[in-house]
Amino acid sequence: MNTTMKDFIDDLKIEALLSKSSNPLPQRVREIIDKARELNGLTPPEVAILLQTEDDELVSLIMQTAHKIKEDIYGNRLVLFAPLYVANLCANNCLYCGFRRDNKELNRVALTMEQIAKEVQVLEREGHKRLLMLCGEHPSRSSLEYFMEAIETAYAVKTEAGGEIRRINVEIAPLEVDEYKELKKTGIGTCVLFQETYHHETYKIMHPSGPKSDYVKRLTAMHRAQEGGINDVGIGALFGLYDYKYEVLGLLLHALQLEKDCGVGPHTISVPRLEPAFNAPAAIAPPHPVSDHDFKKLVAIIRMAVPYTGMILSTRETPALRSEVFALGISQISAGSRTNPGGYQDETSDNFRAAQFNLGDTRTLDEVILDITERGHIPSFCTACYRLGRTGKDFMDLAKPGLIQKFCQTNALFSFTEYLLDYASPQTREAGEALIQEMLDSTFKTKRKKVVTDRLKKITDGERDVYI
């Protein structure tokens, strides 16, 4: 693999695809929907046709199909995590971000290791087991060495009732191959990096200065991460900066290029939508706002196009919309989030002045878990695949035919039971136990049910970190 590879996103080709696909024939749309049900993904021309579909009946069919695909591959479980921002110092000047360099009114923070440990303690005592660690891009105040020490600090924190962080995923600025090799030594899970927008001119406008203004370095970073030994990588676009149809095709082309060059496509695709941020002009007035209807549509189409990848939804969205989008292909969600360094300890109203963006869902972890449980989703804190080597190609070999669900559903029940026993409110525990019993009665056959039941009893008797 060539780590200095060139730009593989062609604006003119993407625009031509969309233009050629305008006003698609209903029969052709139905043929593509039928193909998607085979779980083999879709081509860029096929995705362009779905994106250009506006007929209400066909869009409804797209959403129904996405729901079925998600259930076939991942079942009804939703993985939960919390973002942990350790610093908001940044050398970039992104027009949509509260951390941008020219935001002179932002409360700048770089947490000490002691402060990071206290943040993790708060999260563990709420029941979190998985983190996404982030920081601004600054050559000295948010260096790779600082970030790696922060990861090691977080892993070392243990609290009562078996509180611990079992997996840390990271979102970090582009690195070189040797730096990714060093990062891997900290025991991270997925390495995530968003292109933000795949449209070249928009990217240039939105990133007027700083290291992030290098489009190609950012675009090819996940190739270098895989060459550096990080098996699972994640990509994403910030919807609202440019036409959402273009961005979906950009994401798909990125996924296909990773699979072609590295043998493995993205482990996750994130779909954040532009939200207000302190002193960030593009966030106050999004250049290409995405309606709720179009947002749900794009989530469904991505699920159909790249059925094997996990899809991540953040707390940018409101509880009501999040609940709707869960059914359209989302498999991972953040909960109880704060986007300012130190925000889990400090609940003051001035936190917005240190945050990256506004939150749409401010509920606690327990409130989110109660809601999704009552909607029939199994909350999961599972990290088994990372520790058993089911990563990279090994994970994809199970995910693509839908076999990963055999592990995901079972391990979700185990980690959910831990949460119910150690952290849940009485109402959440009652709802959770009822859902687990329903799953045992309806999902598992006799032999498998006995194995699951025996391990659930071990957890009830005090054993923790049970998985298959």
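**Exercise 1: A cavity and its lining**

Find which residues lie nearest the centre of the second largest cavity, and which elements help to line it.

*Solution.*
Step 1. The second largest cavity has 21 lining residues, and those nearest its centre are Arg 77, Val 79, Arg 130, Cys 385 and Phe 395. Keep in mind that you're looking at a predicted model.
Step 2. Now go to the elements: strand E1 (77-87), helix H16 (384-387) and helix H18 (405-422) each give at least two residues to this lining.
Step 3. As for the space inside, the second largest cavity holds about 250 Å³.
Step 4. To put that in context, there are five cavities of 30 Å³ or more.

**Exercise 2: Cysteines without partners**

Work out why Cys 191 has no disulfide, then check Cys 385.

*Solution.*
Step 1. Start with the total: the structure has zero disulfides.
Step 2. Recall what you'd be looking for. A disulfide is a covalent bond linking the sulfur atoms of two cysteines.
Step 3. For a pair to count, the two sulfurs have to be within 2.5 Å. The cysteine sulfur closest to that of Cys 191 belongs to Cys 135 and is 11 Å away, so it's too far for a bond.
Step 4. Next, Cys 385. Its nearest cysteine sulfur is the one in Cys 408, 5.5 Å away, and Cys 385 is in no disulfide either.
Step 5. Are these two cysteines buried or exposed? Cys 191 has 0% relative accessibility and counts as buried. Cys 385 has a relative accessible area of 15%, and it is buried too, because the limit is under 20%.

**Exercise 3: One glutamate, two salt bridges**

Trace the salt bridges that Glu 196 forms with Lys 212 and with Arg 218.

*Solution.*
Step 1. Take Lys 212 to begin with: in its salt bridge with Glu 196, the closest N and O atoms are 2.8 Å apart.
Step 2. Where do the two sit? Glu 196 is in the loop between strand E6 (191-192) and helix H8 (200-206), while Lys 212 is in the loop between H8 and helix H9 (215-219). They're 16 residues apart in sequence, so the bridge ties those parts together.
Step 3. Now for Arg 218: its side chain meets that of Glu 196 in a salt bridge at 3.7 Å, N to O.
Step 4. This pair links distant parts of the chain, since Arg 218 is in helix H9, 22 residues from Glu 196 in its loop.
Step 5. Check the burial. Glu 196 is buried at 7% relative accessibility, and Arg 218 is buried at 7% as well. Lys 212 is also buried.

**Exercise 4: A bridge inside a helix**

Find how Asp 397 and Lys 393 are placed in helix H17 (residues 392-399).

*Solution.*
Step 1. The two form a salt bridge, with 3.1 Å between the closest N and O atoms.
Step 2. Count along helix H17: Asp 397 and Lys 393 are four residues apart, so about one helical turn separates them.
Step 3. Asp 397 is partly exposed, with a relative accessible area of 43%.
Step 4. Zoom out to the whole structure, and you'll find 35 salt bridges. Some share partners, and these join Lys 158, Glu 164, Arg 166, Arg 387, Glu 418 and Asp 465 into one network.

**Exercise 5: Into the core**

Pick out the residues that touch the most other members of the largest nonpolar core, then explore around Met 222.

*Solution.*
Step 1. This core has 137 residues, and the ones touching the most other members are Leu 183, Met 222, Phe 239, Val 271, Leu 298, Ile 330 and Ile 404.
Step 2. Which helix gives the largest share? That's helix H4 (residues 56-74), with nine residues.
Step 3. A second core, separate from this one, has 20 residues, including Tyr 96, Leu 274, Ala 282 and Ala 283.
Step 4. Back to Met 222. Skipping neighbours within four places in sequence, its contacts include Tyr 180, Cys 191, Val 233 and Leu 258.
Step 5. Here's the wider pattern: in soluble globular proteins, nonpolar side chains tend to be buried together.

Definitions and conventions. Residues are numbered from 1 along each chain as its sequence is written. This is a predicted model: local features need pLDDT of at least 70, side-chain atom pairs count only at pLDDT 80 or more; totals for chains, interfaces and linings use all residues. Side-chain values use heavy atoms; hydrogens and water are left out. A nonpolar core is a set of buried Ala, Val, Leu, Ile, Met, Phe, Trp, Tyr and Cys residues joined through side-chain atoms within 4.5 Å. Buried means under 20% relative accessible area, exposed over 50%, partly exposed in between (1.4 Å probe, protein chains only). Contact means heavy atoms within 4.5 Å. A salt bridge is a side-chain nitrogen of Lys or Arg within 4 Å of a carboxyl oxygen of Asp or Glu. On a 1 Å grid over the protein atoms alone, a cavity is a set of points where a 1.4 Å probe fits but cannot get out, and a pocket is an open set with protein on both sides within 12 Å along at least five of seven lines; lining residues have an atom within 4 Å of a point. Grid points are joined across faces, edges and corners, and a volume is the space filled by probe spheres set on the points.
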